[in-house]
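This briefing groups its points by topic, from buried elements to strand pairing, the ligand shell and the two domains. Please read it with the sequence and the structure open side by side.

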Amino acid sequence: MISKDIQENLKNASWIRRMFVEGAKMKEEFGDDKVYDFSLGNPYFEPPKSVIDKLKEVVNSDEPGAHRYMDNSGFKDVRQKVANSVNKDIVDPIGFNHVLMTVGAAGGINVILRTILDFGQEVVIIAPYFAEYIFYIKNHNGVPVIVKSDESTFEPNLDLFESKITDKTRAVIINSPNNPTGVIYSEAILKDLAEIIARKEAQYGHNIYVLSDEPYKALVYDGIKVPNIHNIFKNSMIINSYSKSLGLAGERIGYIAVNSKIENSELLMSGLAFANRTLGFVNAPALWQKVTADSIDETVDISEYQKRRDVLIEHLEKIGFEMVKPNGAFYLFPKAMMEDDVAFVMEAKKHNLLLVPGSGFGYPGYFRISYCVDMAMIERSLHAFTALAESFKK
Ligand SMILES: Cc1ncc(COP(=O)(O)O)c(C=O)c1O
């Protein structure tokens, strides 16, 4: 028998998973080119050639010990390269000793939560949120506390945020560029959050960690710059990965970069390395640490994602959809044309459109379109979106 907790979770399979299964069935029935699947956030583009070349080089090298266990934090030279990259726009630089290589951003978040949470402590997340956060927090006996963002901007509502910080708050997770909205938080709103957190830290007499989940940091459009979190917060940790920026989601490689000003840095880093080991990751994949170390600041072709965003936004707005125009990631989060977003997504399915309801991200009334897909599919899908919109005008 498996645990009651997991049994319960399996009953509520994620919406993304459900749409994936649904999509496979529909493709069999209607044919691949007649189904418009916008449900998955799986990077569409292949990794840059330089990454594949480096992979071949590392595989062919005869460096002794390259495939053995290592320090649980990762290779020192790789961590230094990550620190150099994070330091590009930072006031107080970090060193290799502030970096821990992880099994993707997902592994990084779990390592941090395992390290910082005591039973029943609270972690604030901002809706709409990446649904896995709820499971990650519960994995480590924490309690998720949800703060809704404002509908007009999809940035956190400050009054609500302040009201949800309690004596039990251990951490706040922020995710910008955001999944599912694509929105990038402004420097002004981040500074407001920092001020609230500093005030609450003083009131309760303990620190509140800011976990900045940044796997989409490199996927930004329109010349917008994502602020460096370490310049704004004190007790902050950046979690990043190469899943989206280099199209390496299946290879499971990322890192945690801790603020040099964070309290008890040495103890924290020892705790993170311990958690990385005892959660069973042991260390991030050796091969991929070496490969990505020289490609940290490269990306897949961002302009291709931007083209997809622009074609979709132009068409969707023309046919009556409302949305906040996002500057990052590869998602749109328009308002559903009826109150019940799940029913709306079911309507969309009648037009062979696979979308994910906002309810799956803790934000009903909206739906997510993931545009990391083939451009030809987007073009083929436009008439289906038009037919869907038309069906609500009758
Ligand atoms: C917001 C967010 N955080 C974390 C992850 C996990 O990324 P990784 O593949 O680096 O574990 C994802 C993946 O889709 C994501 O959207």
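A residue is called buried here if 20 or more other C-beta atoms lie within 10 Å of its own, with C-beta atoms placed from the backbone. The structure is a predicted model, and the domain assignment divides the chain into domain 1 (4-47 + 300-391) and domain 2 (62-293).

**Helix 10 and its surroundings**

- By that cut-off, Trp288, Gln289, Lys290, Val291, Thr292 and Ala293 are the buried residues of helix 10.
- Because six of the eight residues of helix 10 (residues 286-293) are buried, this helix is largely enclosed by the rest of the structure.
- The cover over the buried residues of helix 10 includes helix 3 (49-60), helix 4 (76-86) and strand 2 (99-102).

**Strand 2 and its partner**

- Strand 2, which is among the elements covering helix 10, has Val99 and Met101 pointing one way and Leu100 and Thr102 pointing the other way, and all four of these residues are buried.
- In a regular strand, side chains alternate between the two faces of the sheet.
- Strand 2 runs antiparallel to strand 8 (residues 254-258), to which it is joined by four bridges, and within this pairing Leu100 has Ile256 of strand 8 as its bridge partner.

**Strand 3 and its parallel neighbours**

- Strand 3 (residues 122-127) has five buried residues out of six, so it is largely enclosed by the rest of the structure.
- Strand 3 is joined to strand 4 (residues 143-148) by six bridges, and the two strands run parallel; Ile126 has Val147 in strand 4 as its bridge partner.
- Strand 3 also pairs in the parallel sense with strand 5 (residues 169-174), here over four bridges, and the bridge partner of Ile125 in strand 5 is Ile173.
- Together with helix 6 (residues 132-139), strand 3 and strand 4 make a β-α-β unit, which is right-handed.

**The sheet of strands 9, 12 and 11**

- An open sheet is formed by three strands in the order 9-12-11, with antiparallel pairing; strand 9 (331-332) and strand 11 (356-357) are its edge strands, each of them pairing on one side only.
- Strand 9 and strand 12 (residues 367-370) run antiparallel and are joined by two bridges, and Tyr331 has Ser370 in strand 12 as its bridge partner.

**The shell around the ligand**

- Thirteen residues lie around the ligand, of which Gly104, Ala105, Ala106, Ser241 and Ser243 come nearest.
- Helix 5 (residues 104-116) gives the most to this shell, contributing three residues.
- Sorted by class, the shell around the ligand has five nonpolar residues, seven polar residues and one charged residue.

**Contact between the two domains**

- The centres of domain 1 and domain 2, taken over C-alpha atoms, are separated by 27 Å, and the contact takes 27 residues from domain 1 and 27 residues from domain 2.
- On the side of domain 1 that touches domain 2, the elements giving two or more residues are helix 11 (302-318) and strand 9, and helix 11 gives the most, with four residues.
- The residues on that side of domain 1 divide into 15 nonpolar, nine polar and three charged.

Notes:
Residues numbered from 1 in each chain as written. Predicted model: local features only at pLDDT ≥ 70, side-chain atom pairs only at ≥ 80, totals over all residues. Pairing = 2+ DSSP bridges. Buried ≥ 20, exposed ≤ 12 C-beta atoms within 10 Å, placed from the backbone. Right-handed = clockwise from strand over helix to strand, strands pointing away. Near = placed C-beta within 6 Å. Nonpolar A, V, L, I, M, F, W, Y, C, P; charged D, E, K, R; others polar. Domains from an automatic or database assignment. Contact = placed C-beta atoms within 7 Å.
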